[in-house]
Amino acid sequence: MSDITHERPSETSTSSGTEPMRHLEFQPHRRWYRRPDVVVPVALMALGLSILAMTGRAGRSYRSRMTADGDTNFDLDYFFHLMPQMLQGLYVTARATVLAFLISIVLGLLFALARRSHVRAVSWPAVAVIEFIRSTPILVQFFFLQALVRATPVLDLNAVEVLLIGLGVHYATYASEAYRAGIDSVPVGQWEAATALNLGPWQTWTKVIIPQAVPNVLPTLGNYLVAAFKDAPIADAVLSVPGILFFANTIRSNDFRPVEPYLLIGVGFLLVSLPAAWLVRRLERRIAYERT
């Protein structure tokens, strides 16, 4: 339940003069849409995701326009010449990862709620789906989805869309377990308080349980986002998604130079993974600070 009172030390002393008295200061609860510290990040995130979803698709061709020095194992000029094309592939991979992770966090919550359902017709299939997907490698799942799309003419999906579905569903199963742990961490007294206030199931979940459970799992979800970014290039080899690994494989096949493109994709992974890991650590410290 949201707190509306805060303790503040007062200069007034007790009759014995040893300990200061504490008074409870009433602070009215503000809706989230009236808090700038919440609205601004949410608006920026929504804007970024909108731009990411609406931006055009990158081409599928990667070809170098210079010949590397054949007498050296590493040509620095050739290395920097490939940089723009590496960024193009990195953009494709990062964009697909973010959009797929949006599917994961929404579908994962639905999986978690279905697994906690008291109706066995709902909980048992949810458990079967979660455990089956978690127990199989994402490489096999990409092959399965590719074969399914090819065998079903109704499913007119391109490689990037298959990647979004495969990666999104795969990490939704992991996110569901994180959500489930977060829900279990909510004290039993919160459930009892909701019952005492005669709140319905919808109000109990949306007003009491989920607002307390989700912040507990945000660092875990952030780690899953970083892991999803590192798994997304698997689809480049299976589905021919024009991502960062597809770029390196194409350049290697055309120019017979594997060192520069594969070193470049290592740089590309660091460009995204290190800031993302830093943001996750900042989020963990922020949540730990707010709960102390």
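Start with the whole chain on screen: of the contacts between residues at least 6 apart in sequence, 70% join residues at least 24 apart. Keep in mind that this is a predicted model. Colour by secondary structure and you should find eleven helices and two strands. Going from the N terminus, both strands come before the helices, in the order β-β-α-α-α-α-α-α-α-α-α-α-α. Switch on the surface for a moment: the accessible area is about 17900 Å², and carbon and sulfur atoms account for 63% of that. Of the 292 residues in the chain, 32% are buried.

**Stop 1: helix α8**

Select residues 201-231, which make up α8. Put a distance between the C-alpha atoms at its two ends and you get 37 Å, whereas a straight helix of 31 residues would span 45 Å. Where does the kink in α8 lie? Zoom in on isoleucine 209: there is a kink of about 50 degrees there, shortly before proline 211.

Now show side chains along α8. The buried ones include Thr204, Val208 and Ile209 around the start of the list, then Ala213, Val217 and Pro219. Carry on and you can add Leu221, Gly222, Val226, Ala228 and Phe229 to the buried set.

Pick glycine 222, which sits in this helix. Its relative accessible area is 14%, so it falls under the 20% cut-off and counts as buried. Draw a line from its C-alpha to that of leucine 279: glycine 222 and leucine 279 are 57 residues apart along the chain, yet 8.4 Å separates the two atoms.

Asparagine 216 is another α8 residue to click on. Buried or exposed? Asparagine 216 is partly exposed, at 33% relative accessibility. Its C-alpha lies 9.0 Å from that of alanine 178, with the two positions 38 residues apart in sequence numbering.

**Stop 2: alanine 175 in α6**

Move over to alanine 175, in helix α6. This one is buried, with a relative accessible area of 1%. Which residues does alanine 175 touch, leaving aside those up to four places away in sequence? Select Ser104, Gly108, Leu221 and Tyr224 and you have them. Leu221 should look familiar, as it was among the buried residues of α8. For a C-alpha distance, try valine 106: alanine 175 and valine 106 are 69 residues apart in sequence and 9.0 Å apart in space.

**Stop 3: the second largest pocket**

Stay with α6 (159-184) and bring in α4 (120-134) and α5 (138-151): each of these helices supplies at least two residues of the lining of the second largest pocket. The volume of this pocket is about 250 Å³. To outline the pocket, select Phe132, Ile133, Thr136, Val140, Gln141, Phe144 and Leu145, then add Ile165, Gly166, Val169 and His170.

**Stop 4: isoleucine 244 and its neighbours**

Jump to isoleucine 244, in helix α10. Its relative accessible area is 0%, so this residue is buried. Leaving out residues up to four places away in sequence, isoleucine 244 touches Met86, Gly89, Leu90 and Thr93, along with Pro233 and Asp236. Ile265, Gly268 and Phe269 complete that list of contacts. Glycine 268 is also worth a distance label: its C-alpha is 8.1 Å from that of isoleucine 244, while the two are 24 residues apart in sequence.

**Stop 5: glutamine 85 in α3**

Next, select glutamine 85 in helix α3 (residues 83-115). At 9% relative accessibility, glutamine 85 counts as buried. Show Tyr62, Arg63, Ser64, Arg65 and Phe247 with it, as glutamine 85 touches these residues once those up to four places away in sequence are set aside.

**Stop 6: two loops with positive phi**

Finish with a pair of backbone angles. Most residues other than glycine have a negative phi. Asparagine 198 has a positive one, near 60 degrees. You'll find asparagine 198 in the loop between α7 (188-196) and α8, and it is exposed, with a relative accessible area of 67%.

What is phi at phenylalanine 256? Near 55 degrees, again a positive value in a residue other than glycine. Phenylalanine 256 is in the loop between α10 (244-255) and α11 (259-290). Its relative accessible area of 68% makes it exposed.

Notes: Residues are numbered from 1 along each chain as its sequence is written. This is a predicted model: local features need pLDDT of at least 70, side-chain atom pairs count only at pLDDT 80 or more; totals for chains, interfaces and linings use all residues. Side-chain values use heavy atoms; hydrogens and water are left out. Helices (H or I, at least four residues) and strands (E, at least two) are DSSP runs, numbered from the N terminus. Buried means under 20% relative accessible area, exposed over 50%, partly exposed in between (1.4 Å probe, protein chains only). Contact means heavy atoms within 4.5 Å. Accessible areas come from the Shrake-Rupley method with a 1.4 Å probe; for residues, only the protein chains shown count as cover. The expected span of a helix is 1.5 Å times one less than its number of residues. The bend at a residue is the angle between axes fitted to the seven residues ending there and the seven starting there. On a 1 Å grid over the protein atoms alone, a cavity is a set of points where a 1.4 Å probe fits but cannot get out, and a pocket is an open set with protein on both sides within 12 Å along at least five of seven lines; lining residues have an atom within 4 Å of a point. Grid points are joined across faces, edges and corners, and a volume is the space filled by probe spheres set on the points.
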